[in-house]
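User: I have a few questions about the labels used for this model. Take them one by one, please.

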Amino acid sequence: MNTDTGEVVQSCDIAQQFRVSADRRRVELTERGVKDFRATYDVIKTKADRIFMKIENEDRLTESGKPVTWWAMFEGPNQFRWRRDDWPMDGRTGAWQRCGG
């Protein structure tokens with residue numbers, strides 16, 4: 001969702017889906033309608049309003065040569081933004097909004 005305009009950027013019919021494992025140590029990302037798209041995140045740390053994760057087999061590196069890691073920063077039960085750990089504290093992506101049903 002574009003938070004400035006309220007426009008839905010990606011239709012919920014093809015939206016990405018996040019599934020948390022039963023032990024809450026992994027998050028699997030898939031995309032509806034894309035057969036071979038899958039990413040698995042290993043949960044490193046959780047806080048009340050955010051989850052710190054690393055994509056399994058991540059090959060992107062930060063400027064300091066470490067694998068890219070991500071915070072999912074929740075702004076409520078239905079919305080979050082990504083922040084790479086090497087970005088400034090106020091650096092975040094646009095909002096990701098939960099699809100209904």
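User: Why does Arg-84 count as buried or exposed, whichever applies?
Analyst: This is a predicted model. Arg-84 has 17% relative accessibility. Buried means under 20%, so Arg-84 counts as buried.

User: Where is Arg-84 found, and what is it in contact with?
Analyst: Arg-84 is found in strand 6. Leaving aside neighbours within four places in sequence, Arg-84 is in contact with Leu-61, Thr-62, Val-68, Thr-69 and Trp-70. Trp-70 also stands opposite Arg-84 in the strand pairing.

User: What makes the link between the side chains of Arg-84 and Asp-86 a polar contact?
Analyst: The distance is 2.8 Å. The cut-off for such N or O pairs is 3.5 Å. The side chains of Arg-84 and Asp-86 therefore make a polar contact.

User: How do you know that strand 5 and strand 6 pair?
Analyst: Five bridges join strand 5 to strand 6. Pairing needs at least two, so the two strands pair, and they run antiparallel. They form a hairpin with four residues between them. Gly-76 in that turn has a positive phi of about 145°.

User: What about strand 4 and strand 5?
Analyst: Five bridges join these two strands, again with an antiparallel run. Ile-51, for one, has Ala-72 of strand 5 as its bridge partner.

User: Why is strand 5 called largely enclosed?
Analyst: Five of its six residues are buried, so strand 5 is largely enclosed by the rest of the structure. Trp-70 lies in strand 5. Its relative accessible area is 11%, and the buried limit is under 20%, so Trp-70 is buried.

User: Which residues make up the largest nonpolar core?
Analyst: That core has 11 residues in all: Val-27, Leu-29, Ala-39, Tyr-41, Met-53, Ile-55, Val-68, Trp-70, Ala-72, Phe-80 and Trp-82. Strand 2, strand 3, strand 4, strand 5 and strand 6 each supply at least two of them. Met-53 has contacts that include Val-27, Tyr-41, Trp-70, Ala-72 and Trp-82.

User: How many aromatic pairs are there, and what makes the pair of Phe-18 and Trp-82 tilted?
Analyst: The count comes to 11 aromatic pairs. For Phe-18 and Trp-82, the centres are 6.1 Å apart and the planes 50° apart. The pairing limit is 6.5 Å, and angles from 30 to 60 degrees are neither stacked nor edge-to-face. The pair is therefore tilted. Phe-18 lies in strand 1 and Trp-82 in strand 6, so the pair ties together parts 64 residues apart in sequence. Phe-18 is partly exposed at 30% relative accessibility, whereas Trp-82 is buried at 7%.

User: Why is the pair of Trp-70 and Trp-87 called edge-to-face?
Analyst: Their planes are 85° apart, with 5.6 Å centre to centre. Over 60 degrees counts as edge-to-face, so the label follows. Trp-87 sits in the loop between strand 6 and strand 7, 17 residues from Trp-70.

User: What makes Arg-50 lie over the face of Trp-71?
Analyst: Arg-50 is at 5.8 Å from the ring centre. The distance limit is 6 Å.

User: Why is Arg-98 described as buried or exposed, whichever applies?
Analyst: Arg-98 has 55% relative accessibility. Exposed means over 50%, so Arg-98 counts as exposed. Arg-98 lies in the segment after strand 7. Its side chain reaches the backbone oxygen of Pro-77 at 2.8 Å.

Notes. Residues are numbered from 1 along each chain as its sequence is written. This is a predicted model: local features need pLDDT of at least 70, side-chain atom pairs count only at pLDDT 80 or more; totals for chains, interfaces and linings use all residues. Side-chain values use heavy atoms; hydrogens and water are left out. Buried means under 20% relative accessible area, exposed over 50%, partly exposed in between (1.4 Å probe, protein chains only). A polar contact is a pair of N or O atoms within 3.5 Å; within protein, one must be able to donate a hydrogen and the other to accept it, and residues adjacent in sequence count only if both atoms are side-chain atoms. Rings of Phe, Tyr and Trp (its six-membered ring) pair if their centres lie within 6.5 Å; planes under 30 degrees apart count as stacked, over 60 as edge-to-face and the rest as tilted. A charge sits over a ring if NZ of Lys or CZ of Arg is within 6 Å of the ring centre and within 35 degrees of the ring normal. Contact means heavy atoms within 4.5 Å. A nonpolar core is a set of buried Ala, Val, Leu, Ile, Met, Phe, Trp, Tyr and Cys residues joined through side-chain atoms within 4.5 Å.
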